[in-house]
Amino acid sequence: MTFRWKVADDGEPALFGVDELLAPERGTGRLSGLEFLHVTAKRVLNQVPEQSRAPFRWTINVYRGCTHACAYCFARPTHEYLGLNIGEDFDRKIVVKLNAVQRVRAELADPRWGGESVAMGTNTDPYQRAEAKYRLTRGVVEALTERANPFSILTKSPLVIRDLDLLAEAARRTEVSVNFSVATLDERVWRATEPGSPHPRRRLDAMAKLAAAGVRTGALVAPVLPRLSDSPTQLRAVVEAVRDAGGDLLGIGPLHLRGAVRDHFLDWLQGFDPLLHADYLRRYADGAYAPKRYAEDLYARAGITDRPTSIYRSTR
Ligand code: SF4
């Protein structure tokens, strides 16, 4: 297999220099079936382009690819840039920026760094399974905490509780929020659409622990899938569970189907439910977005009259 570690013949930009590709490692034990592609990154703090509508200007993503393997994941095309495929490669071949902690320490110490808030989990999950082995997110959180640099985390994993003491300390020093993506509590839909992710109830348990420790926490209810997870009963169950856990509701959003993810998701849906596949082809015939009225209506279905004023927009 050839990786696109340097400028490729087709003109794709380099993400890592060829000398920055280190020996890969196969996962063993609970991580068997995974492959970790070790790299050294040139930079870890990433500035979001000016034209982006994302509500954060700086991000850190220490892993590329994500073992949570969500069928709808928007980050899948990032694997294509590396010459890997957006399907199983994205789920199982995880790029690990081994020098992320050293890099972030150097970048935070740079006098030009302005101390802006840093968002983690905007592309791939910072507490995915690889984090149990590499502890890079923990190292980054330590570096941010030492400098009292504000940050936010978005995850689907209760592994974040391993770092509870550290996060509580960070929350005492600066502005911190640790949020969860909880698209549904429906067991069948969760298993089918997020096959590598921890059970959503475990995310809510983690949310309750964070709230009890004084860390601001909440949930992004997205992507809501038409006719799979969008009934009033399903949506109200999530919203009530988030409130019970002491979290804020950050937003409710429908599925988007952009670029290569559209084909990937629709192929998956055809295997899962051919009738639903035909329905989605009609629903998304005009583009990547669900109709605006449908998106607005999700709040009413969830029993929300006061829509959250600040809606966390995830790029994934
Ligand atoms: S949606 Fe998030 S948790 Fe799921 S595979 Fe993508 S990055 Fe991972």
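**Notebook: a predicted model, residue by residue**

I started with R26, which is exposed because just 10 other C-beta atoms lie within 10 Å and the cut-off for exposed is 12 or fewer. R26 sits in strand β1, residues 25-26. I also checked R26 against L37: the two are eleven residues apart in sequence, and their C-alpha atoms are 8.8 Å apart in space.

**Confidence**

The model is predicted, so I looked up the confidence before going on. The mean pLDDT of the protein is 91, and 91% of its residues reach 70 or more. Residues 5-13 fall below 50, and this stretch has eleven contacts in the model beyond near neighbours in sequence. Residues 310-316 are also below 50 in pLDDT, with 24 contacts beyond near neighbours in sequence. I leave the details of such stretches alone, because coordinates predicted with low pLDDT should not be read in detail.

**Ligand shell**

Which residues are closest to the ligand? I find C66, H68, C70, C73 and D125, out of eleven residues that surround the ligand. By class, the shell divides into five nonpolar, three polar and three charged residues.

**Sheet**

I traced an open sheet of seven strands with mixed pairing, in the order β3-β4-β7-β8-β9-β10-β11. Its edge strands are β3 (46-47) and β11 (248-254), each of which pairs on one side only. Inside the order I followed one pair: β8 and β9 (residues 176-181) run in the parallel sense and share five bridges. In that pair, S152 stands opposite S177 of β9.

Strand β10 covers residues 216-224 and holds P223. What joins A222 and P223? The link is a cis peptide bond, with omega at about -5°. I noted this bond because most peptide bonds are trans.

**Helix α5 and its two ends**

I went through helix α5, residues 136-146, for burial. L136, T137, V140, V141, A143, L144 and T145 are buried there.

Ahead of the helix, R135 lies in the loop between α4 (130-134) and α5. Its phi is positive, near 55°, and R135 is not a glycine. Is R135 buried or partly exposed? R135 is partly exposed, because its 16 other C-beta atoms within 10 Å fall between the limits of 12 for exposed and 20 for buried.

After the helix comes A148, again with a positive phi. A148 is not a glycine either, and its phi is about 50°. I place A148 in the loop between α5 and β8 (151-155). A148 counts as partly exposed because it has 13 C-beta neighbours inside 10 Å. I wrote down both phi values because most residues other than glycine have a negative phi.

**Nonpolar core**

Last, I looked up the largest nonpolar core, which has 75 residues. Those with the most contacts inside this core are I94, A100, V140, V182, A219, V221 and V224. V140 is also among the buried residues of α5. In general, nonpolar side chains of soluble globular proteins tend to be buried together.

I took V182 as the example and listed its contacts, leaving out residues up to four places away in sequence. V182 touches P200, R203, L204, A219, V221, V238 and V242. A219 and V221 appear in that list, and both are also named among the core residues with the most contacts.

Technical notes:
Residues are numbered from 1 along each chain as its sequence is written. This is a predicted model: local features need pLDDT of at least 70, side-chain atom pairs count only at pLDDT 80 or more; totals for chains, interfaces and linings use all residues. Helices (H or I, at least four residues) and strands (E, at least two) are DSSP runs, numbered from the N terminus. A residue is near a molecule or strand if its C-beta atom, placed from the backbone, lies within 6 Å of it. Ala, Val, Leu, Ile, Met, Phe, Trp, Tyr, Cys and Pro count as nonpolar, Asp, Glu, Lys and Arg as charged, and the others, Gly among them, as polar. pLDDT is the predictor's confidence in each residue, from 0 to 100. Two residues are in contact if their C-beta atoms, placed from the backbone, lie within 7 Å. A nonpolar core is a set of buried Ala, Val, Leu, Ile, Met, Phe, Trp, Tyr and Cys residues joined through C-beta atoms within 7 Å. Two strands pair if DSSP finds at least two bridges between them.
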